[in-house]
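Please open the structure in your viewer and keep the selection tool at hand. The stops below proceed from the whole chain to individual side chains.

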Amino acid sequence: MIDKIYFPEPIPINPGQKPAQPRTPKPGEKKGDFARILDGKLPTQGVKFSSHAQERLRARGISLSENDLRKLEGAVDSVAQKGGRESLIMMGDAALVVSVTNRTVITAMDRASMQGNVFTNIDSAVVF
């Protein structure tokens, strides 16, 4: 019975292939630029509304135009590029709490519902 097999050196998976080396940044390029550039090249994704948010929009009489939705998508894109994860987006008389990573509106409230409320678990805010 063999208890252990001893290999004096690591076994190469692809003989002759060098291990991957980190890429040297170009002059003036900062660490993390790749992610920013990649995000800029990807098509903009839409924003979804959770069932809870849809219910709140309906109950509070909040309607969003096509222009509002474009602004909302732009705001979510901006927050995502800056590393935000959960954001409060103020649009006129509406406040939307958005999961930026999921691109999903979590809840919505009108100006009357905002009075006296404390917004928690957000790391960013956009007002327009």
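The tour begins with the overall fold and then turns to one strand, its partners and two selected residues.

**The whole chain.** Display the full protein chain as a cartoon, bearing in mind that this is a predicted model. Four helices and five strands should be visible, and following the sequence gives the order α-β-α-α-β-β-β-α-β. The chain has 128 residues, of which 24% count as buried. If a surface is drawn, its accessible area is about 10000 Å², with 54% belonging to carbon and sulfur atoms. Among contacts with a separation of 6 or more, 57% are between residues 24 or more positions apart.

**Strand β3.** Next, select residues 94-99, which form strand β3. How many of its six residues are buried? The count is six of six. Cover is present on both faces: Ala94, Leu96 and Val98 are buried on one side, and Ala95, Val97 and Ser99 on the other.

**The β2 side.** Add residues 86-91, strand β2, which pairs with β3 in the antiparallel sense over six bridges. One pair to highlight is Glu86 with its bridge partner Ser99 in β3. The two strands form a hairpin with two residues between them. In that turn, select Gly92, whose phi is positive at about 60°.

**The β4 side.** Now add residues 104-110, strand β4, which runs antiparallel to β3 and is joined to β3 by six bridges. Here Ala95 has Met109 in β4 as its bridge partner. β3 and β4 also form a hairpin, with four residues between them. Arg103 in this turn has a positive phi of about 55°.

**Ser99.** Return to β3 and select Ser99. Is this residue buried or exposed? Ser99 counts as buried because its relative accessibility is 4%, below the 20% cut-off. Leaving aside residues up to four places away in sequence, Ser99 touches Arg85, Glu86, Thr104 and Ile106.

**Thr107.** The last selection is Thr107, in strand β4. Its relative accessibility is 16%, so Thr107 also counts as buried. Which side chain makes a polar contact with the side chain of Thr107? That of His52 does, at 3.2 Å. To complete the view, show the residues that Thr107 touches, not counting those up to four places away in sequence: His52, Ala53, Arg56, Ala95, Leu96 and Val97. Of these, Ala95 and Leu96 were met earlier as buried residues on opposite sides of β3.

Notes
Residues are numbered from 1 along each chain as its sequence is written. This is a predicted model: local features need pLDDT of at least 70, side-chain atom pairs count only at pLDDT 80 or more; totals for chains, interfaces and linings use all residues. Side-chain values use heavy atoms; hydrogens and water are left out. Buried means under 20% relative accessible area, exposed over 50%, partly exposed in between (1.4 Å probe, protein chains only). Two strands pair if DSSP finds at least two bridges between them. A polar contact is a pair of N or O atoms within 3.5 Å; within protein, one must be able to donate a hydrogen and the other to accept it, and residues adjacent in sequence count only if both atoms are side-chain atoms. Contact means heavy atoms within 4.5 Å. Accessible areas come from the Shrake-Rupley method with a 1.4 Å probe; for residues, only the protein chains shown count as cover.
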